Amino acid sequence: MPEIPLRSYDYAPQLGWSSTRWETFRTCRRRYFYQYYARYDREFEQGRIQRLRQLSSILMTVGTVVHEVLAALLRRLLRTGAEIDTQRFWPFVERTITRELAKTSLMEVHYGQRLAPEPLELMGPAWACLETFLASDRYGWVRDQLGSDPRYLIEPPGYGEARLQGMKIYAKVDVLLESGGHTVILDWKSGRRDIEKHTRQLLGYAAWAQDNMQVPAEQIRCVVAYLQPEYEEIEKQPTKAELEGLALEVAAEIAQMQSLCQDPQRNIPLAKDAFPLTDNLGYCRHCAFRELCDRVD
Ligand code: SF4
């Protein structure tokens, strides 16, 4: 069966909601400005802000590697369910880490907290995630499903655009499979558990699938798969009422974000002063923009 085609949407200039965008807005308005409206900044050189925007961290890089390797692993399962040859698999993981590190600027290095890591340093945490997944029942399930020629999506391209009751939203799924009359969405997590935040993300994925693929809510099952320290899942079958509740929340959050736009229809922000720095210095410690806020320890 082929990869599922994605629907395309007419260009709409208004801001699009995503759980990441809302989290950024909620935790620090100034960071939100640099992340989404940097081109309107008059204080700093554009190239400098963009370079900071591109900074990753070691943990985020491990997450990217794990996602890339799992996508390659699942694509392989479309061709063969044969056992993984560990003699070839682990060098493949190491090459993926090397490639990712070569194209990534790390926050820890940029801010002089440490020297650039060697690929082997990331091997341990990436390996831990991949090993737990390969030992999980979910791996066997995915192998069986992909071996039975389902309609599927694996790391689909684009930003995951959709509409929720007419509002522009973004939700980017890792994997989607049609199985036994259900549309099953899988989301890999290599970082720490945040049940409340991730459960809400799942509703966003369901809203995306409902609109983009015209799937009724009752046929959607969403799974967050935590890959470390041991394998664990949250599974959610969203109800129509929950998706309606999400739409109400999204409308309220878009209204709050648009309150900092001088032109909400064209998504043009107010001046940077309207986006204050957070009082919570804990957020600053892991923020790529901290040199712009004079909050480098
Ligand atoms: S350093 Fe702190 S105040 Fe500045 S953008 Fe980042 S989180 Fe916000």
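Modeller: Two residues are in contact if their C-beta atoms, placed from the backbone, lie within 7 Å. By that rule L292 touches Y34 and F44, not counting residues up to four places away in sequence. This is a predicted model: local features need pLDDT of at least 70, side-chain atom pairs count only at pLDDT 80 or more, and totals for chains, interfaces and linings use all residues. Residues are numbered from 1 along each chain as its sequence is written.

Colleague: Why is L292 called partly exposed?

Modeller: L292 has 19 other C-beta atoms within 10 Å. Buried takes 20 or more and exposed 12 or fewer, with C-beta atoms placed from the backbone, so 19 falls in between. L292 sits in the segment after α11. From Q237, L292 is 55 residues away in sequence and 43 Å away in space, C-alpha to C-alpha.

Colleague: What makes the chain as compact as a globular protein of that length?

Modeller: The chain comes to 11 helices and 9 strands (DSSP runs: H or I of at least four residues, E of at least two, numbered from the N terminus). Its radius of gyration, over C-alpha atoms, is 20 Å, and the globule rule (2.2 Å times the number of residues to the power 0.38) gives 19 Å for 297 residues. Those values are close, so the chain is as compact as a globular protein of that length. Along its principal axes the C-alpha trace spans about 55 × 50 × 30 Å. Of the 297 residues, 28% count as buried.

Colleague: Which residues have the most contacts inside the largest nonpolar core?

Modeller: V66, A126, L176, I185, Y205 and A207, in a core of 62 residues. Such a core joins buried Ala, Val, Leu, Ile, Met, Phe, Trp, Tyr and Cys residues through C-beta atoms within 7 Å. Leaving aside neighbours within four places in sequence, L176 is in contact with Y152, L153, T183, V184, I185 and A209.

Colleague: How do you know that β2 and β3 pair?

Modeller: Pairing takes at least two DSSP bridges. Strands β2 (residues 161-164) and β3 (residues 167-170) have 4 and run antiparallel. One partner pair is A162 with I169 in β3. The hairpin leaves 2 residues between the strands, and Q165 in the turn has a positive phi of about 45°.

Colleague: What surrounds the ligand?

Modeller: C28, R30, R31, L277, T278, Y283, C284, C287, F289, R290, C293 and R295 (C-beta, placed from the backbone, within 6 Å). Both α2 (29-37) and α11 (281-284) supply at least two residues of this shell.
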